[in-house]
There are 2 protein chains.
Amino acid sequence: MHLSTTARVLGILLMLFSSAMLVPLITALLSDDHTITGFLSALCITFFSGLILWAPARHTRHELQIRDGFLITSLFWTVLGLFGSLPFMMTEGLNLSPAEAVFESISGLTTTGATVMVGLDDLPHSILIYRQLLQWLGGIGIVVVAVAVLPMLGIGGMQLYRAEIPGPSKDSKLTPRIKETAKALFSVYVALTAVCAVSYYIAGMSAFDAIGHAFSTIAIGGFSTHDASMGYFDNNAILILGSLFMFVSAINFGLHFVAWQRRTLSPYKSDSESKFFGSIMLLGITITCSFLILSGTIEPGDALVHGLFQAVSITTTTGFASENFSLWPTFLPVMLILFSFMGGCGGSTAGGIKAMRVMLIYKQGIRELKQLVHPHAVIPLKVGKHRVEATVVSAVWSFFAVYMFAFITIMLLLMATGLDFLTAFSAVAASINNLGPGLGDVAANYTSISETAKALLCFAMLLGRLEVFTLLVLFTPMFWRL
Amino acid sequence: MHLSTTARVLGILLMLFSSAMLVPLITALLSDDHTITGFLSALCITFFSGLILWAPARHTRHELQIRDGFLITSLFWTVLGLFGSLPFMMTEGLNLSPAEAVFESISGLTTTGATVMVGLDDLPHSILIYRQLLQWLGGIGIVVVAVAVLPMLGIGGMQLYRAEIPGPSKDSKLTPRIKETAKALFSVYVALTAVCAVSYYIAGMSAFDAIGHAFSTIAIGGFSTHDASMGYFDNNAILILGSLFMFVSAINFGLHFVAWQRRTLSPYKSDSESKFFGSIMLLGITITCSFLILSGTIEPGDALVHGLFQAVSITTTTGFASENFSLWPTFLPVMLILFSFMGGCGGSTAGGIKAMRVMLIYKQGIRELKQLVHPHAVIPLKVGKHRVEATVVSAVWSFFAVYMFAFITIMLLLMATGLDFLTAFSAVAASINNLGPGLGDVAANYTSISETAKALLCFAMLLGRLEVFTLLVLFTPMFWRL
Ligand SMILES: [K+]
Ligand SMILES: [K+]
């Protein structure tokens, strides 16, 4: 491992990140509000910390190795998460404890969207756009890491995505590939955000809200500039557009890039994961809308729009709310939260276990049933036309088991701090799946739970975002040996 | 498939089962109560139904094949479950609907121990001993099926247990092996029950209660002759003895047989599964007792005894209660119910996923972490000194995933009927793990839930008892092809 290289990369990331704080700072200067000092101090601290990390190591030119990949990826969200909390701590009047500031920042950057802030509608625009921006930056970080870095690290079967990555694909060194890929993905990401913002604006949002919500839609983040979330606008066009863009953002960005480059929709049609994800999504929407209509919870017309929006928002792990869905019959929110364990496709901004892994697990179950009836047959496991290697399958299974184990452990710890079952279950699911809103005591926001509970949930958000293994591997002694 | 052979075997089983009804019938005759007609009619119906099934097929001598194994095993619990409900339906004054009678019978035979009867203390002895006997018969059925039949069927990695089975082990035909094995296991089962009954009697139970509770202890059933379950006796010696016998019954009966035959404890010492199970059990007991003491829920002295008893009772999926543990801080009951997903060892009377499978999943998770740090190393998966074959591992994974999927689906269906989250979660866990008591509305008994909910839970009990795949495979078209 080359710690100097890690320091250099982290230094650059921090300096880049500090430049992102210019956006809220300029917003603050334009409206001349009381948040100027906070953002200016945060920007300076972040920039100079980055400089101090970068300067001594600026001439090192070691190639990044696999282990560096684990370390840098984990540090990306933890270190940026800590520095990202500075504006929340340093702005007067927000009244956030340090733990709450870190919670809000990590929740933003991991695109979870769980919040400890209330009274959003009355906050200065600088704070609001900063929260949205945190999600947007976290989102592009995820896409790059998921498409370019994780497949190299071989986490939980992410090797499956290798074929679809642009860039020099047979190179085992990380640096050139990451640069190539990052550029390509960034352009797709910016383009999608722009189209989404314009659509929201045309549908009736203000320019500020349109940009802010485009940030958190494409990032599958779920932060809003209003306490009532998307319900604030009371506008069906916005809800339908939102559903569309959330769905698109939950598809592999590698596919978007290829489709855009070749000007054709065929990459989606031939992609098994997208088709599987689409089918599950359709199932979720159908059950939600039918149950809302049959149980008479809301009017049939509203049921279709809100059913569609909530099903897409929760399943893709976005977490926007169009109305207070925690008041629906508990069956629906619990079912949708269980759907969020799948989340979206790999290489997207969505959280959860990912459609590809769920599909492999499903196919393996069917295969096993066949094997029982025909014990001597050799039945291969295929995705599309490709046979899936045994090592990939076993990596996927381990991922699934470790994910579940982490989920259950953190849930029990939360219950030991005194939370009730529904609150603990939904809070951990909402955090590890990077979904955001929970049920019970955390249906609206996370202010009421203890500092310990908040710290545990921060850890869960990081675990989820880092595909569990990237973070866990750092806790093994063997990682640090040699 | 040879349906005539299946009919013959099922006929014999029904006739044998009817003879078991002699026990409550004689009890009824001795106390000359109103249950005589009920038991007599049930006995006759069951016997003649068996005779009608057996007679036309009595000369068929086909060897049982793999598929027959699936069918007969599934029919064992479903058909006996239906006939077993007859005494409950035909006894006046019990006031059970047909669905409730079937629920009680299936719950007994699958050794789940969930009950829809209240006021047990006032019921005739014949009914009480019949319920205990149902569990005891179900228990020996499970041991024989788990040790002799399932390993042949290759369900969820049950092949792992092949080595430990007595009898002609290289014979691929089912009949001779099942007969040999069944005899050996039956003697161990009877011996253990006798020792348990005598111990309970010496510790202070009446002879009737001692025998009744020995039946449901060794079967890991959990039915009691008192509404207050084991708490009725208010006797620490009984609780400690109960814990011991539940623990022993959750160990592979194949091991008990070998240990008994060779008059040595060494088989246990060299068995990885037993050691793993013991460690997890110890962990569960430690957390339970510590939490009870630290939280000041009950007095430290009581905390040790009740903590031990409840941890063993729930983890092994027995389901006896020493006090109303649903009133403990929710963390504890939920944690113990999660432990019950492991249950006991394979080849025991316990329910759940089984310690061997959980151990394999755990080892595979550790292996995967090592693999991430050393991507090019070849790291085998071992249990004891034996390398585990890839087909076994993949069967175990599929088992785990299908089990979880079945659990979640049935839980959502229950919630759709209107049950709250904690009730639905605990009821399905208590059913599919063959545990018995739940939390929330089903903490004491299952009378208050709807008939639909009861039917769903019956299905869950059968799924769990039949290791999911044995039952599911019957629902695939390919099983019936040819
Ligand atoms: K989110
Ligand atoms: K039980």
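The following paragraphs describe salt bridges, a potassium site and a nonpolar surface patch in a predicted model.

Side chains of opposite charge can pair when their charged atoms come close. Over all chains, the count of such salt bridges comes to 10. One of them joins A:K454 to A:E100, with a distance of 3.1 Å from N to O. Because A:K454 belongs to helix α19 (residues 451–465) of chain A and A:E100 to helix α6 (residues 98–109) of chain A, this pair ties together parts that are 354 residues apart in sequence. A:K454 has a relative accessibility of 2% and therefore counts as buried, and A:E100, with a relative accessible area of 11%, is buried as well.

A salt bridge is also formed in chain A between A:E467 and A:R357, whose closest N and O atoms are 2.7 Å apart. Here A:E467 is placed in the loop between α19 and α20 (469–472) of chain A, whereas A:R357 lies in helix α16 (residues 355–373) of chain A, so that the contact ties together parts that are 110 residues apart in sequence. Both A:E467 and A:R357 are buried. These two residues do not stand as an isolated pair, since A:K354, A:R357 and A:E467 are linked in a network of salt bridges. In chain B, a salt bridge is found between the side chains of B:E368 and B:R367, at 3.8 Å from N to O, a value that falls within the 4 Å cut-off applied to such pairs. B:E368 and B:R367 are both buried.

The potassium ion (ligand 2) is coordinated, at 2.5 to 2.9 Å, by O atoms of B:T111, B:T112, B:I220, B:G221, B:T317, B:T318, B:N434 and B:L435. Along the sequence, the donor residues of this potassium ion follow the spacing T-T-x107-I-G-x95-T-T-x115-N-L. Among the donors, B:T112 is located in the loop between α6 (98–109) and α7 (125–153) of chain B, and B:T318 in the loop between α14 (300–315) and α15 (331–339) of chain B, so the pair ties together parts that are 206 residues apart in sequence. B:T112 and B:T318 are both buried.

On the surface of chain A, the residues A:L22, A:I26 and A:L30 make a nonpolar patch of about 320 Å². Of these residues, A:I26 is found in helix α2 (residues 22–31) of chain A, and its relative accessibility of 46% means that A:I26 counts as partly exposed.

Conventions. Residues are numbered from 1 along each chain as its sequence is written. Chains are lettered from A and ligands numbered from 1 in the order in which they are written. This is a predicted model: local features need pLDDT of at least 70, side-chain atom pairs count only at pLDDT 80 or more; totals for chains, interfaces and linings use all residues. Side-chain values use heavy atoms; hydrogens and water are left out. Helices (H or I, at least four residues) and strands (E, at least two) are DSSP runs, numbered from the N terminus. Buried means under 20% relative accessible area, exposed over 50%, partly exposed in between (1.4 Å probe, protein chains only). Donors are N, O and S atoms within 2.8 Å of the metal (3.2 Å for Na, K and Ca); water is not among the atoms, so sites may look incomplete. Patches are made of residues with over 30% relative accessible area and no salt bridge: like charges are joined within 9 Å, nonpolar side chains (Val, Leu, Ile, Met, Phe, Trp, Tyr) within 5 Å. Accessible areas come from the Shrake-Rupley method with a 1.4 Å probe; for residues, only the protein chains shown count as cover.
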